[in-house]
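Let's take a walk through this structure together, one stop after another. Have the sequence and the 3D view ready.

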Amino acid sequence: MERPVIGIFGAGKVGTALARLLVASGHRVLIAGSPRQTALDLVVGVVAPGAEVATPDALVDAADVVIVAVPFGKAATVPWPRFDGKIVVDAMNYWPPIDGNLPDIDADPRSTSEINAARNPGARLVKSLNHLGYHEMEDDSMPPGSSLRRALAVVGDDADARAVVARIIDAIGFDPVDGGALAHGVELEPGHPIFGRELSCAELGALLTPAQPAAA
C-alpha cells in the first residue's frame, strides 16, 4: 500500500484541506459530502482539484483507507457497517460549541474514538489528524528532515493500521508518532495538552503513553 486510495467522508474545511494535501502527495482521493450539499462536484473541483466526488458506497468500495472528517454530532450518518476490515481514521472532535452538549458522550468514560470504534468492531480504527486545525494543515506541512516539521500522533489497537496511517502522515508533510492503543486517543482530544499545539516528535512523544516515533 505504497500510495493507498483515500476516501474522505466530509467535504468541509478539514476534509478538503486533507484532500489537497493527499492529492499533492500522489494519492487518489475520493470525497463524499452531506446529501444536503449542492453542486458538490463544482465545489470540490474548485477547493480540492484532483479529488473525485463519490457516493458513500462507491467511496467505501474503492478506498484502502477511509478518513472520517464530519462534525462529531454527525458521526452516525457515516456508513459504519460497511467498514468491515477497512482502515478508518477518526479525525473528528467532540466540540460542544458546534455539536451541542451530548449527555451520552459526556457520561461515557471512553475516549470518543473508542465510542466510534464500537460502531463497527470490524473496522481497523485509528485516531489521528484531529489535533491540528484545518488552517494549519497546509501551512505546517514540510518536507522530510525539516528541523521544524510538526509531529502528529497515531493511536489505534491495530499496529499494522497505525503503520499505514503513519506513512500517509509522512507523505503529507508531518512526522508521525506512534501513540499505541486507541484508549490513548483521549490525549488528542480538546482540553488535553496535545490538542492544538505545534510539537516535535520528542515533545509529542513525551505527552503520549507509550509513545515512539513511527517508522515512516
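Not counting residues up to four places away in sequence, which residues does G173 touch? They are D140, S141, M142 and R149. Keep in mind, as you look, that this is a predicted model. G173 sits in the loop between helix 8 and strand 8 (175-178). With a relative accessible area of 3%, G173 is buried. Its backbone takes a positive phi of about 110 degrees, just after helix 8. You can also find E138 from here: the C-alpha atoms of G173 and E138 are separated by 8.6 Å, though the two residues are 35 apart along the chain.

Now step back into helix 8 itself. Helix 8 covers residues 159-171, 13 residues in total, and from its first C-alpha to its last it reaches 19 Å. That is close to the 18 Å expected at 1.5 Å a residue. Its buried residues are A161, R162, V164, V165, A166, I168, I169 and D170. At the start of the helix, look for D158: one of its side-chain oxygens comes to within 3.0 Å of the backbone nitrogen of D160.

D158 has another partner too. It forms a salt bridge with R124, where the closest N and O atoms are 2.8 Å apart. This pair links distant parts of the chain, with R124 in strand 6 and D158 in the loop between strand 7 and helix 8, 34 residues apart. R124 is partly exposed at 26% relative accessibility, and D158 is partly exposed as well, at 23%.

Further along helix 8, D170 makes a salt bridge with R149, and here the closest N and O atoms are 2.7 Å apart. Since R149 belongs to the loop between helix 7 and strand 7 while D170 lies in helix 8, the pair ties together parts that are 21 residues apart in sequence. D170 counts as buried at 19% relative accessibility, because the cut-off for buried is under 20%. R149, with a relative accessible area of 3%, is buried too. You have met R149 already, as one of the residues that G173 touches.

How many salt bridges does a search of the whole structure find? The count is 12. Another of them joins K127 and D90, whose side chains meet at 3.7 Å, N to O. K127 is in strand 6 and D90 is in strand 5 (residues 87-90), so this pair ties together parts that are 37 residues apart in sequence. K127 is buried, at 0% relative accessibility, and D90 is buried with a relative accessible area of 0%. There is also a network of salt bridges that links D57, D61 and R82.

Next, a charged residue without such a partner. D99, in helix 4 (residues 96-99), is buried yet has no salt bridge. The nearest side chain of opposite charge, K74, is 8.4 Å away. What D99 does have is a polar atom of its side chain 3.0 Å from the backbone nitrogen of G73. Leaving out residues up to four places away in sequence, D99 touches P71, F72, G73, N93 and Y94.

Time to look at the nonpolar interior. In soluble globular proteins, nonpolar side chains tend to be buried together. Here, the largest nonpolar core has 34 residues, and the members that touch the most others are F9, L59, V68 and F83. Strand 2 (29-32), helix 3 (56-62), strand 4 (65-68), helix 6 and strand 7 (151-156) each give two or more residues to this core. Strand 7 gives the most, with 3 residues. Leaving aside neighbours within four places in sequence, F83 is in contact with residues including F9, V60, V66, V68, V78 and V88. A second, separate core holds 33 residues, among them V29, A48, L152 and V165.

Two loop residues round off the tour. L129, in the loop between strand 6 (124-127) and helix 7 (134-140), has a phi near 65 degrees, a positive value in a residue other than glycine. L129 is buried, with a relative accessible area of 6%. S111 lies in the loop between helix 5 (103-106) and helix 6 (112-117), and counts as buried at 3% relative accessibility. Beyond its neighbours within four places in sequence, S111 is in contact with L182, A183, G185, V186 and E189.

Terms used:
Residues numbered from 1 in each chain as written. Predicted model: local features only at pLDDT ≥ 70, side-chain atom pairs only at ≥ 80, totals over all residues. Heavy atoms only, no water. Helix = DSSP H or I, 4+ residues; strand = E, 2+ residues; numbered from the N terminus. Expected span 1.5 Å × (residues − 1). Buried < 20%, exposed > 50% of the residue type's maximum accessible area, 1.4 Å probe, protein only. Polar contact = N/O pair within 3.5 Å; in protein donor to acceptor, adjacent residues only side chain to side chain. Contact = heavy atoms within 4.5 Å. Core = buried A, V, L, I, M, F, W, Y, C linked by side-chain atoms within 4.5 Å. Lys, Arg positive; Asp, Glu negative; His and termini not counted. Salt bridge = Lys/Arg side-chain N within 4 Å of Asp/Glu carboxyl O.
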